[in-house]
Amino acid sequence: MSSKFKIIARFQYSSEAQITKGRLEAEGIQVFLSDNVTIDTDPLVSNAIGGVKLKVLSEQALKAQYILSTIEKYSIDDEGHVMSCPNCHGEKVELFSTIKDAKSLFWFIFGFLFSVLPFYTRHKYKCEDCNTEFDLK
């Protein structure tokens, strides 16, 4: 029987993929990552090449997808509780980076011109239900 790998998830950063890989390997699933070294070298190409691909053996794909479905993808607070939106009280809240202020824009342009990672980014939370952006403060 030949072993073929199937892509079951894609991640923007290799750190996210490594965490998921560890979870799947703890369940006895053989995992392979592709394009993680390329993205570690230059994170700006992540969207261009389709992100880090998490692959498993075809015969283990269903089990791996079930395990991935049990992992909560939304943000939790420091006590481990699911965060809720201050507007609609929905629980589909994700962390994202933004460059909406002058300091973030400056560092983005600096990083782009000199091919370095930005030293400053602003992080906010966004509700997927009502599209409200908010800080924790």
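**Figure 1. Leu 113 sits in helix α5, which spans residues 102-114.** This view, like the others, shows a predicted model, in which local features need pLDDT of at least 70 and side-chain atom pairs pLDDT 80 or more, while totals for chains, interfaces and linings use all residues. Residues are numbered from 1 along each chain as its sequence is written, and side-chain values use heavy atoms, leaving out hydrogens and water. Helices here are DSSP runs of H or I with at least four residues, strands are runs of E with at least two, and both are numbered from the N terminus. Is Leu 113 buried or exposed? Leu 113 is exposed, at a relative accessible area of 58%. The classes are buried (under 20%), exposed (over 50%) and partly exposed (in between), for a 1.4 Å probe with protein chains only. Leu 113 also belongs to a nonpolar surface patch of about 700 Å². The other members are Leu 105, Phe 108, Ile 109, Phe 112, Phe 114 and Val 116. A patch takes residues with over 30% relative accessible area and no salt bridge, joining nonpolar side chains (Val, Leu, Ile, Met, Phe, Trp, Tyr) within 5 Å and like charges within 9 Å. Areas follow the Shrake-Rupley method with a 1.4 Å probe, and for residues only the protein chains shown count as cover.

**Figure 2. Three strands make an open antiparallel sheet.** The strand order is β1-β3-β2. Which strands lie at the edges? They are β1 (5-11) and β2 (31-34), each pairing on one side only. From one strand to the next, the twist averages 30°. Two strands count as paired if DSSP finds at least two bridges between them. Strands of a sheet pair through backbone hydrogen bonds, in a parallel or an antiparallel way. Strand β3 covers residues 52-57 and runs antiparallel to β2, with four bridges joining the two. Look for Val 31: its bridge partner in β3 is Val 56.

**Figure 3. Helices α1 and α4 meet the sheet strands.** Strands β2 and β3 are joined by four bridges. Helix α1 (residues 14-26) packs on the sheet and touches β1, β2 and β3. Contact means heavy atoms within 4.5 Å. The direction of α1 makes about 15° with that of β3. Helix α4 (residues 61-70) lies across β1 and β3. How does α4 run relative to β1? The angle is about 20°. Axes are lines fitted to C-alpha atoms, for helices over the stretch in contact; angles run from 0 to 180 degrees between N-to-C directions.

**Figure 4. Two salt bridges involve Lys 21 with Glu 25, and Arg 23 with Glu 27.** A salt bridge puts a side-chain nitrogen of Lys or Arg within 4 Å of a carboxyl oxygen of Asp or Glu. The structure holds three of them. Glu 25 and Lys 21 meet at 3.9 Å, N to O. Why are they about one helical turn apart? Because they are four residues apart in helix α1. Glu 25 is partly exposed at 40% relative accessibility, and Lys 21 is partly exposed at 21%. Arg 23 and Glu 27 meet at 2.6 Å, N to O. Arg 23 is partly exposed at 34%. Glu 27 is partly exposed at 36%.

**Figure 5. Asp 35 and Lys 53 form a salt bridge.** Their closest N and O atoms are 2.5 Å apart. Asp 35 lies in the loop between β2 and α2 (36-41), and Lys 53 lies in strand β3, so the pair ties together parts 18 residues apart in sequence. Which partner is buried? Lys 53 is buried, with a relative accessible area of 9%. Asp 35 is partly exposed at 29%.

**Figure 6. His 89 and Asn 131 each have a positive phi.** Neither His 89 nor Asn 131 is a glycine. For His 89, phi is about 65°. His 89 sits in the loop between α4 and β4 (93-98). At 59% relative accessibility, His 89 is exposed. For Asn 131, phi is about 60°. Where is Asn 131? Asn 131 is in the loop between β5 (122-127) and β6 (133-134).

**Figure 7. The chain has five helices and six strands.** Along the sequence, the pattern reads β-α-β-α-α-β-α-β-α-β-β. Of the 137 residues, 28% count as buried. Among contacts with a separation of 6 or more, 59% join residues 24 or more positions apart. The chain exposes about 9,400 Å², and carbon and sulfur atoms supply 55% of that area.
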